[in-house]
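Trainee: I have a new structure to look at, and I would like to go through its pocket and its charged pairs with you. Shall we begin?

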Amino acid sequence: MNILLISGSTREGSLNKSLLDAAEEEAHNLNHQTTSLPHQLASFPLYHSDLEADATVQNQLSMLRQQIEAADVILISSPEYNGFHTPHLHNIFTWASRRAAGKSHSVLEGKVVGLLAAAPGPFGGVRMLPRLASFAADHGCWVHPRYVAVGNMASKTNDDGQLTCSETRQKLRNLISQTCKMAEPVKITEPA
């Protein structure tokens, strides 16, 4: 499976980027391919319909669509901002939800998504994750019903920001395996 990794944080040293890095390692251990959303695609201007005609934005949007189309599964890790996902992540969804010319649906529709969150506090983003799941589902995504919410994340990483908690790594493996299973094509037996 091809897994696209999207961080809801652009901050250097982000706990959610560390969690995504660990998810990427576990995905490779499970023989999946991964791609991280490039920084330039994560830095769209705030959505405004007047910007859609801009050639630079159109080029960025085309690249974003290609990244999403190529993915079998999308893993998103986001911090919680006042109980919600980040404005940065919201903006990526808003741009990606715009249908390309001649298309009847957006590239998000039908995508299988797994959700993660990491936080310095004890709750690990548990208020935000159901809201993000609903938001992604509203955009036509199939969201895995279980999440990985990691509280006290800083205590579960080393000085280089690498995840050291074996229990969290097992939860990541489980979510990746189950989410990829959701993305497998349904095999329909031909009638006799």
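**The pocket and the salt bridges**

Mentor: Gladly, and keep in mind that this is a predicted model. We can start with the pocket: helix H1 gives the most to the lining of the largest pocket.

Trainee: How many residues does H1 give to that lining?

Mentor: Strand S1 (2–7), helix H1 (15–29) and helix H3 (87–96) each give two or more residues to the lining of the largest pocket. Among the contributors, H1 gives the most, and its number is four.

Trainee: Which residues lie nearest the centre of the largest pocket?

Mentor: The space in this pocket is about 280 Å³, and its lining has 15 residues. By kind, the lining holds six nonpolar, six polar and three charged residues. Nearest the centre are Ser7, Ser9, Lys17, Ser36 and Leu37.

Trainee: Now the charges, please. How far apart are the closest N and O atoms of Glu26 and Arg169?

Mentor: Side chains of opposite charge can pair when their charged atoms come close. Glu26 sits in helix H1 and Arg169 in helix H5 (residues 166–183), with their positions 143 residues apart in the chain. They form a salt bridge, for which the limit is 4 Å, and their closest N and O atoms are 2.7 Å apart.

Trainee: Is Glu26 buried or exposed?

Mentor: Buried means under 20% relative accessible area. Glu26 has a relative accessible area of 4%, so Glu26 is buried.

Trainee: Which parts of the chain does the pair of Arg173 and Glu26 tie together?

Mentor: Arg173 forms a salt bridge with Glu26, with 2.9 Å between the closest N and O atoms. Because Arg173 lies in one helix and Glu26 in another, the pair ties together parts that are 147 residues apart in sequence. Those parts are helix H5 and helix H1.

Trainee: Where do Arg127 and Glu80 lie?

Mentor: Their side chains meet in a salt bridge, at 2.9 Å from N to O. The two are 47 residues apart in sequence, so this pair also ties parts of the chain together. Arg127 lies in the loop between strand S4 (112–118) and helix H4 (128–138), and Glu80 in the loop between strand S3 (73–77) and H3.

Trainee: Which residues are joined into one network by salt bridges that share partners?

Mentor: The structure holds six salt bridges. Glu26 pairs with Arg169 and also with Arg173. The network made by shared partners consists of Glu25, Glu26, Arg169 and Arg173.

Definitions and conventions
Residues numbered from 1 in each chain as written. Predicted model: local features only at pLDDT ≥ 70, side-chain atom pairs only at ≥ 80, totals over all residues. Heavy atoms only, no water. 1 Å grid on protein atoms, 1.4 Å probe; cavity = no way out; pocket = protein on both sides within 12 Å on 5 of 7 lines; lining within 4 Å. Points joined across faces, edges and corners; volume = space filled by probe spheres on them. Nonpolar A, V, L, I, M, F, W, Y, C, P; charged D, E, K, R; others polar. Buried < 20%, exposed > 50% of the residue type's maximum accessible area, 1.4 Å probe, protein only.
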